[in-house]
Number of protein chains: 2
Amino acid sequence: MKSSWKGLCQGFFFCLAIIMMDAVLKTENVQAKQGPDVSYFKLENGLDVVVIPDRRAPVVTHMVWYRVGAADEPPGVSGIAHFLEHLMFKGTEKYAPGEFSKIIAAQGGEDNAFTSQDVTAYFQRVAKDKLPMVMEMEADRMANLKLLEKDVVTERDVIIEERRSRIDNSPSAILSEQLGAALYQSHPYGVPVIGWMHEMEKLSRQDALDYYEKYYAPNNAILIVAGDVNPDEVRTLAEKYYGPVKRGPDLKARQRPLEPKPVAPRRVTYEDKRAGKLTWQRLYLVPSYKTAPKGDSEALELLMKVAIEGTTSRLYKKLVLEDKLASSAGGGYSPSGMEYGSLYVYAVPNKGVSIEQIETAVQEVFDDMAENGVTDQELTRAKNSYVADYIYGNDSQSGLARRYGFALASGWTIKDVESYPERLKAVKPEDLKRVANKYLDVKASVTGILKPAPQKQAEASNQ
Amino acid sequence: MKSSWKGLCQGFFFCLAIIMMDAVLKTENVQAKQGPDVSYFKLENGLDVVVIPDRRAPVVTHMVWYRVGAADEPPGVSGIAHFLEHLMFKGTEKYAPGEFSKIIAAQGGEDNAFTSQDVTAYFQRVAKDKLPMVMEMEADRMANLKLLEKDVVTERDVIIEERRSRIDNSPSAILSEQLGAALYQSHPYGVPVIGWMHEMEKLSRQDALDYYEKYYAPNNAILIVAGDVNPDEVRTLAEKYYGPVKRGPDLKARQRPLEPKPVAPRRVTYEDKRAGKLTWQRLYLVPSYKTAPKGDSEALELLMKVAIEGTTSRLYKKLVLEDKLASSAGGGYSPSGMEYGSLYVYAVPNKGVSIEQIETAVQEVFDDMAENGVTDQELTRAKNSYVADYIYGNDSQSGLARRYGFALASGWTIKDVESYPERLKAVKPEDLKRVANKYLDVKASVTGILKPAPQKQAEASNQ
């Protein structure tokens, strides 16, 4: 994506800055090549609005995406992005704590929210005639969040409990967190979205307000409305409800510290008596869709489909079916980060099989890809599978809304989203061979071993 | 140290804040227990001044220490602390680039500077009658640094070359950097002082000026004058030369993100055809003198003396002399960090000896310490060695000045420095056993393997 933009912009002095500040604008009136007839406009206060018509039922999905995530947190304040997401349900002058979700539920709707490293999103699914209601409520908490100290303290206990149950009670989640910290030497993707416990315990009302005031504003948000609507009625409603919300501060382009060149493979061993089985896994640091040279991400996606994804992959065939080294094996490519993506591969060794045997076998699968590439048939099957997923995805209203919201809030354009099937189809077998050689580099990897601890030892270490 | 302060402060509401803001003041008029008769005063603009009389020769050591180091750098701007240290020799309105050092040298003096994770220091050693001259020059560049773009660009090439020669040309330095990055999951001690190359390449004049204007000011500095002087004459000179320098901004207490609880040992393998020999090493994350519970740092220091420091250590005896597993082995405790210290242990395996054998043998040495402690004789020998070093250290004028400067700039007090021998003497054999059990925890460690790469493979990986 980067390189195609460069192509468009040669000779313009402020080109890069403009792209970074307002990439979405440039895609106005781009015709959708696949799927729904998506339209885009921007309110005067900077709010980007995307409308995705879906007339099959009288329901709408309403989402607000903020261009901020855990990777934008100040050092030492990990977890604040996710904590604020929770606190957004604590009400305003107009709505009491918890009332937001109750009102939606009382109308037969659903609502939820989530925080990732790059984005934070709030969404509701309601009957079409309730769209004005949710817009009014969402616009209200964009500007008028009311945080009482006691609510903040109570909710902090909630996120701490969430960390305990999701991470600290799960040996594999603990190891994943450790692997992330080891994979990223400098970039904040190494910090868990939920936060490090010792920092979560100190998160304050002021931390949340600072974050809210800086990042929660129409000029840092994207409104997605999917469903039984047309662009004009959404524009009228958006202007009515979101239009009066004041702009927030002008934010600098999002910049996170980048990784030094990886030079040495890392390895993390986590022992826990709660771990069920010895498990081997590896993460490779690779570019994301947003940062990869043209075509590399698409090729990586297809390569991983052939190599390690699912039970038809070469990895599964070799490790599980043929060599009988593992009871399961798999992995995939996570392409969505603003700065980096990662490749993930894992295997659960059969009894008596060593970690070394697993690593050798995985390396053989990868080396074969790098040396001999993949067959035309494999590539075609992988392409068909992804393109089918993409097209089937067009049938899901909330899935579509998420697809556009996530992409736009991470700095993609509507065109980037819609040209995905075409870009995928353009990948050639030699591209897979090329990216296998380029990115399957053990120096850019971290390997994790999850080890069931002997009962006695584990008890000693828990004292 | 922390706990002794707590003892003094019980019941005072702002106690902790006061300690953090102005710990040095509290030691005014404390009588030195060992060594020279050190005195302390503060100028009105906030400059702390320490005078260490040493009448043996008509020379003085003049040092200015800033309470800022690489661990205070903003994320993504690594290397700026060290870069600014270089740029401080680029002159002012009064002195041309490079003139500072030339003038000192022309007077038969020496000057230098250094940057660590916690402090930055500038020092000169000159004949006594040149003290006014160096004070005038050092005070001048504290306030009036002049940075021309061309000098900044040239000097950036110098630090980049410094990184190339010191780090990138040295396989063991590369591995050390990787081990630091793996040991610290959150704290900036994981970022190298010299900076990551990709960030150094972007350091700008403005980055340097921002850092300079924020941190280089009398209220963030400590002046140490050691040598043929008395406190009154130093006060007169300091008031004359440093007195007119304006205060800088009031800085918040230095706060860096702390580490999550370590749960999983890490391992980094670095292969390089330039590496001479297979080498094994391990770092443990432990508290520093500043952060350890009372007595723990002193006990760790003595424990490491018995266990791993030098050729009389148990490690050396076992691995090199008795079991003949290694051609050399050693290590030690680095206690000086503001937030963390580290234990370091290494061994160079003999031909045919595996890494596993080395690790087992090292663990046996440590397990024995944890289970059986050390003998009275070993402890006495270790204490005598440290106390002797401390007392001999009193004979070195520049060593003394460094001892006080480093300690004070890292947030210690003069009393902390001077009570060191007493605190060390108070350690009991059971303390060593206790800290061996408490801190020699492999979960808090990173292990590094430096591997000579086969010629062919190394060439391939360098392409």
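## Two chains about a rotation axis

Of the residues of chain A, Arg267(A) comes closest to the rotation axis, with its C-alpha at 2.4 Å. The model is predicted. A rotation of 180° with 0.0 Å of shift along the axis lays chain A on chain B, with an RMSD of 0.0 Å. That is the relation of a two-fold axis. Both copies use the same surface: 96% of the contact residues of chain A recur in chain B.

**Contact between the chains**

- Chain A puts 25 residues in contact with 24 residues of chain B.
- Three elements of chain A give two or more residues each to its side of this contact: helix 7 (171–183), helix 8 (197–200) and strand 7 (266–272).
- By class, the side of chain A that touches chain B has 16 nonpolar, 7 polar and 2 charged residues.
- Strand 7 of chain A also pairs across the chains, with strand 7 (residues 266–272) of chain B.
- The pairing of these two strands is antiparallel and runs over 3 bridges.
- Within strand 7 of chain B, Val268(B) is the residue that Arg266(A) stands opposite.

**Domains of chain A**

- The domain assignment splits chain A into domain 1 (34–241) and domain 2 (266–462).
- Their centres, taken over C-alpha atoms, lie 28 Å apart.
- Domain 1 of chain A brings 33 residues to the contact, and domain 2 of chain A brings 31.
- On the domain 1 side, at least two residues each come from strand 2 (48–53), strand 3 (59–66), strand 5 (120–127), helix 7 and strand 6 (221–227) of chain A.
- Helix 7 of chain A gives the most to that side, with 8 residues.
- The domain 1 side divides into 20 nonpolar, 8 polar and 5 charged residues.
- Helix 7 of chain A thus appears in two settings: it gives residues to the side that touches chain B, and it gives residues to the side of domain 1 that touches domain 2.

**A helix pair in chain A**

- Helix 12 (residues 314–322) and helix 13 (residues 355–372) of chain A pack at an angle of about 145°.
- The axes of helix 12 and helix 13 of chain A are 10 Å apart.
- The crossing of these two helices is right-handed.
- Helix 12 of chain A makes the contact through Arg314(A), Leu315(A), Lys318(A) and Leu319(A).
- Helix 13 of chain A answers with Ala361(A), Val362(A) and Val365(A).
- By class, this helix contact has 5 nonpolar, no polar and 2 charged residues.

Note on methods
Residues are numbered from 1 along each chain as its sequence is written. Chains are lettered from A and ligands numbered from 1 in the order in which they are written. This is a predicted model: local features need pLDDT of at least 70, side-chain atom pairs count only at pLDDT 80 or more; totals for chains, interfaces and linings use all residues. Two residues are in contact if their C-beta atoms, placed from the backbone, lie within 7 Å. Helices (H or I, at least four residues) and strands (E, at least two) are DSSP runs, numbered from the N terminus. Ala, Val, Leu, Ile, Met, Phe, Trp, Tyr, Cys and Pro count as nonpolar, Asp, Glu, Lys and Arg as charged, and the others, Gly among them, as polar. Two strands pair if DSSP finds at least two bridges between them. Domain bounds come from an automatic or database domain assignment. Copies are superposed by least squares on the C-alpha atoms of residues with pLDDT of at least 70 in both. Axes are lines fitted to C-alpha atoms, for helices over the stretch in contact, and angles run from 0 to 180 degrees between N-to-C directions. A crossing is left-handed if the near helix is turned anticlockwise from the far one by less than a right angle, and right-handed if clockwise.
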